[in-house]
Structures are given as structure tokens and as C-alpha cells.
Amino acid sequence: ALDKELKAKAAAKYDPIAEALAQHWIEQVTGHVFRKTFAEELKDGVILCKLVNEIKPGTVPKINEKTKKEFAQMDNISNFLRAVKSLGVLSRDTFET
């Protein structure tokens, strides 16, 4: 029941236009063309880390690519979150894994 409520709440906040704009911007900055859904492309954190490195080279020194292991994906996401905070993004404007 709670899971259903949380999904409904998330769906109500979902903005497909904002997603499309964000995807376009990410593609322009990174040169990576999305071939899967927005969430699927970003899930492993690789594109997010590459995005940060395009903005400020070397911010994420190690990106775990070509792996499906959850710990490596979580490492990418953690590195991305640390990187954006170092660039001035406030904690309240980020997400938690």
C-alpha cells in the first residue's frame, strides 16, 4: 500500500517536458545520444559522471564503465553527487541513493 502511494506521488510530480529538456542538454554537453529511456541511461551513473567531467574536467577521476555490478553503479552515483556538491550544488538540490 505504501509503495503504491509513493509511486503515485512520484508520478504526480513527473514532468515529461523537464525530462526532455534535461536529456537534450545532457546529450549536447556529453555528445552521448540516449538510446534507452532517460532513467535507464542514467541509472549506472556513467553519463552523469561524464557530464560533470565535461563541465569541469577531472572532477570525477574514476568512472566505473561497462559493469552491471550494483556497487560500481552506486560508486558512480556517489562520485557524481560529491562532484556536483564541489561545484556548488546544494545538498537540498540533490538526491540520495
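Colleague: Where is Lys 66 found?

Modeller: In this predicted model, Lys 66 is part of the loop between H4 and H5.

Colleague: Why is Lys 66 called exposed?

Modeller: Its relative accessibility is 86%. A residue counts as exposed over 50%, so the value of 86% places Lys 66 in that class.

Colleague: What is notable about the phi of Lys 66?

Modeller: The angle is near 55°, a positive value in a residue other than glycine. Most residues other than glycine have a negative phi.

Colleague: Which residue just after H2 also takes a positive phi?

Modeller: Gly 31 does, with a phi of about 80°.

Colleague: What makes the contact between Lys 50 and Glu 65 a salt bridge?

Modeller: The N to O distance between their side chains is 3.0 Å. The cut-off is 4 Å, between a side-chain nitrogen of Lys or Arg and a carboxyl oxygen of Asp or Glu, so the pair qualifies. The bridge links distant parts of the chain: Lys 50 belongs to helix H4 and Glu 65 to the loop between H4 and helix H5 (70-86), 15 residues apart.

Colleague: Why are Lys 50 and Glu 65 called partly exposed?

Modeller: Lys 50 has a relative accessibility of 34%, and Glu 65 has 40%. Buried requires under 20% and exposed over 50%, with partly exposed in between; both residues therefore belong to the intermediate class.

Colleague: How many salt bridges does the count give?

Modeller: The count is two. One of them joins Lys 7 to Asp 3, with the closest N and O atoms 3.7 Å apart; this distance is within 4 Å, so the criterion is met.

Colleague: What separates Lys 7 and Asp 3 along helix H1?

Modeller: The two residues are four apart, which means a separation of about one helical turn. An α-helix has 3.6 residues a turn, so residues three or four places apart point the same way.

Colleague: Is Lys 7 itself buried or exposed?

Modeller: Lys 7 has a relative accessible area of 57%. Because the threshold for exposed is over 50%, Lys 7 is exposed. In space, its C-alpha lies 23 Å from that of Leu 21, a residue 14 places away in sequence.

Colleague: How do you know that H1 is hardly covered?

Modeller: The count of buried residues among its twelve residues is zero. A residue would have to be under 20% relative accessible area to be counted. For the whole protein, 27% of the 97 residues count as buried.

Colleague: How do you know that the length of helix H2 (residues 16-30) agrees with expectation?

Modeller: At 1.5 Å a residue, its 15 residues should span 21 Å. The end C-alpha atoms are 21 Å apart, so the two values agree. Helix H1 (residues 2-13) reaches 17 Å from its first C-alpha to its last, close to the expected 16 Å.

Colleague: What is found at the start of H2?

Modeller: A side-chain oxygen of Asp 15 comes within 3.0 Å of the backbone nitrogen of Ile 17.

Colleague: Why is Ala 22 called partly exposed?

Modeller: Ala 22, which is in helix H2, has a relative accessible area of 28%. Buried needs under 20% and exposed over 50%, so Ala 22 is partly exposed. Its C-alpha is separated by 9.2 Å from that of Phe 38, 16 residues apart along the chain.

Colleague: What makes Ile 55 partly exposed, and which patch does Ile 55 join?

Modeller: Ile 55, which lies in helix H4 (residues 46-55), has a relative accessibility of 48%. Exposed requires over 50% and buried under 20%, so Ile 55 is classed as partly exposed. Together with Trp 25 and Leu 87, Ile 55 forms a nonpolar surface patch with about 300 Å² of accessible area.

Colleague: What is the secondary structure of the protein?

Modeller: The secondary structure comes to five helices and zero strands, in the pattern α-α-α-α-α along the sequence.

Colleague: Which elements have the lowest and the highest mean pLDDT?

Modeller: H1 has the lowest mean, at 81, and H4 the highest, at 98. For the protein, the mean pLDDT is 92, and 98% of residues reach 70 or more.

Conventions
Residues numbered from 1 in each chain as written. Heavy atoms only, no water. Expected span 1.5 Å × (residues − 1). Buried < 20%, exposed > 50% of the residue type's maximum accessible area, 1.4 Å probe, protein only. Patch = residues over 30% accessible without salt bridge, like charges linked within 9 Å, V, L, I, M, F, W, Y side chains within 5 Å. Areas by Shrake-Rupley, 256 points an atom, 1.4 Å probe, with all protein chains shown as cover. pLDDT = per-residue confidence, 0-100. Polar contact = N/O pair within 3.5 Å; in protein donor to acceptor, adjacent residues only side chain to side chain.
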